[in-house]
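Work through the exercises below with the sequence and the model at hand. Each task is followed by a solution in steps.

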2 protein chains.
Amino acid sequence: MQSNRYKAMDKRAFKDQAYTEISRITKALSGPARLEIIDFIANGPKSVEEIARQTALNIANASQHLQVLRKERLVKTTRKGNFVYYSLASEEVYYVWKSLRDLTLNTSPIVSQLLTETRNAYEIPEPVVWEDVKGRNDVFLLDVRPKDEFEKGSMANAVSLPLDELTDKLDIIPRDKMVLTYCRGMFCFYADEAVQLLQSKGYNARRLEEGVLDVKETDK
Amino acid sequence: MQSNRYKAMDKRAFKDQAYTEISRITKALSGPARLEIIDFIANGPKSVEEIARQTALNIANASQHLQVLRKERLVKTTRKGNFVYYSLASEEVYYVWKSLRDLTLNTSPIVSQLLTETRNAYEIPEPVVWEDVKGRNDVFLLDVRPKDEFEKGSMANAVSLPLDELTDKLDIIPRDKMVLTYCRGMFCFYADEAVQLLQSKGYNARRLEEGVLDVKETDK
DNA sequence: ATTCTATTCTAGTATTCTATTGAATTGTTT
DNA sequence: AAACAATTCAATAGAATACTAGAATAGAAT
């Protein structure tokens, strides 16, 4: 009781600590490398090796970044055989990432500019936004991510055909529908590469701007 | 064309720049002082002086922090007479703040702990969550923030009675209903102070855990 | 038990950023 | 011109950053 009195916080001290705590977590996410890691592992558990390869970091460095995220409990790990798999600790982590990304897209036009520039450089056609096509039934939804990511969760009625199997299994794609590809999200080019391939084979193909995690209509 | 080729970005370069851009914006928000500023001015435009007072910073320092936010276009300013009023540049900024706050509340129990400790120290009763009371019609919703914040936007059916006018105008509060006070949000103690006052006058009063901005049922 | 392999830790470095404040300055109002 | 709010400047001290190489660890496979 008495000791409670002494420890008792005034309101200013509480605020200082509360905002500092939120600040700590914000700083833990705030490096480019860690933002990219979060964007990546949101699609499913990944080993340190995969994360390092995807983000072009060396392994020790990727591990360091993962420790920073783990210290703040933003990611969790599971071990399978020899590998440690990292994934997001909660949905809230993804919401933060998503809101930061959307804020940036609205606030500084640079990212969207760079994105279209990059697409132009590769002669990739403009993406289609989900809002414009979600009602239609003359489209064929194609998930070109690795199988395990598809199985963890996919868009409703989507068919899985990972990018590297695309050439072999073209026959499962109908020629009378518009093929809509999608992948991990706005900053992932798998869907664009798929579109290029499909168009070169005479399909009517476009990519979806959003990824699975940005859209409500999902399975699982 | 040619020059486009040379400037053309490869995918890795795009990613580096995109995540770096998001990182820049994230770092701009990530200090405790700036998080508090955002939380504060979300309720309405505030002068530098008010912001400095609220956050216990000196004026020069508060201004510095505001410049950081302005450089990243997270806040906007209007001038009235001698004063410059700062407010959030867009709703997205608030969403980011909200998602960071909610992530922290879920991820590290410290903040909630400190909050209840502080309330205990002042012998403030436990808050009520909106979800539990929003259907009921035997409650009297009381907005104890300054008038201008109320006018900018309030909860549906709420009555405005700023904290410092409360003692004078007690007669407008019905005695047969439960009085529910609310203010700027979870880290604001105005509503708690109002509850203490009201309870001492024999009212059945509780505070709402959430603030206006966390609840859907609002006017304006 | 040993070997193997993926991951983590340690330590060091160089760099960059941080918040803060008093004083000088700008710009507005009266 | 005087008063006032806000901004900028300059300087400080301290902390945090990302990264890397090499050693250490911890499980799994043999």
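**Exercise 1: the DNA strand**

Find which parts of DNA strand D face the protein, and which residues meet them. The model is predicted.

Step 1. Take the atoms of DNA strand D within 4 Å of the protein: 78% belong to sugar or phosphate, and the rest to bases.

Step 2. List the residues around the strand. There are 20, and Asn58(A), Asn61(A), Gln64(A), His65(A) and Tyr86(B) come nearest.

Step 3. Check the phosphate oxygens. One is 2.5 Å from a polar side-chain atom of Tyr86(B). For Asn61(A), the distance from a side-chain N or O atom to a phosphate oxygen is 2.9 Å, and for His65(A) it is 3.0 Å.

Step 4. Assign elements. Two or more residues come from each of α5 (59–71) of chain A and α4, α5 (59–71) and β3 (83–88) of chain B. The largest share, six residues, is that of α5(B).

Step 5. Sort the residues near the strand by type: six are nonpolar, 10 polar and four charged.

**Exercise 2: the two chains**

Describe the contact between chain B and chain A.

Step 1. Count residues: chain A gives 57 and chain B gives 57.

Step 2. Take the area. About 5,400 Å² is buried between the chains, 67% of it on carbon and sulfur atoms. Lys11(B), Phe14(B) and Tyr19(B) supply 14% of the area that chain B buries against chain A, more than any other three residues.

Step 3. Look for salt bridges. Chain B and chain A share four; one of them joins Arg12(B) to Glu36(A), with N to O at 2.7 Å.

Step 4. Count polar contacts across the interface: 19 residue pairs.

Methods
Residues are numbered from 1 along each chain as its sequence is written. Chains are lettered from A and ligands numbered from 1 in the order in which they are written. This is a predicted model: local features need pLDDT of at least 70, side-chain atom pairs count only at pLDDT 80 or more; totals for chains, interfaces and linings use all residues. Side-chain values use heavy atoms; hydrogens and water are left out. Contact means heavy atoms within 4.5 Å. Buried area is the accessible area (1.4 Å probe) that two parts lose on being put together, summed over both. A salt bridge is a side-chain nitrogen of Lys or Arg within 4 Å of a carboxyl oxygen of Asp or Glu. A polar contact is a pair of N or O atoms within 3.5 Å; within protein, one must be able to donate a hydrogen and the other to accept it, and residues adjacent in sequence count only if both atoms are side-chain atoms. A residue is near a molecule or strand if one of its heavy atoms lies within 4 Å of it. Helices (H or I, at least four residues) and strands (E, at least two) are DSSP runs, numbered from the N terminus. Ala, Val, Leu, Ile, Met, Phe, Trp, Tyr, Cys and Pro count as nonpolar, Asp, Glu, Lys and Arg as charged, and the others, Gly among them, as polar.
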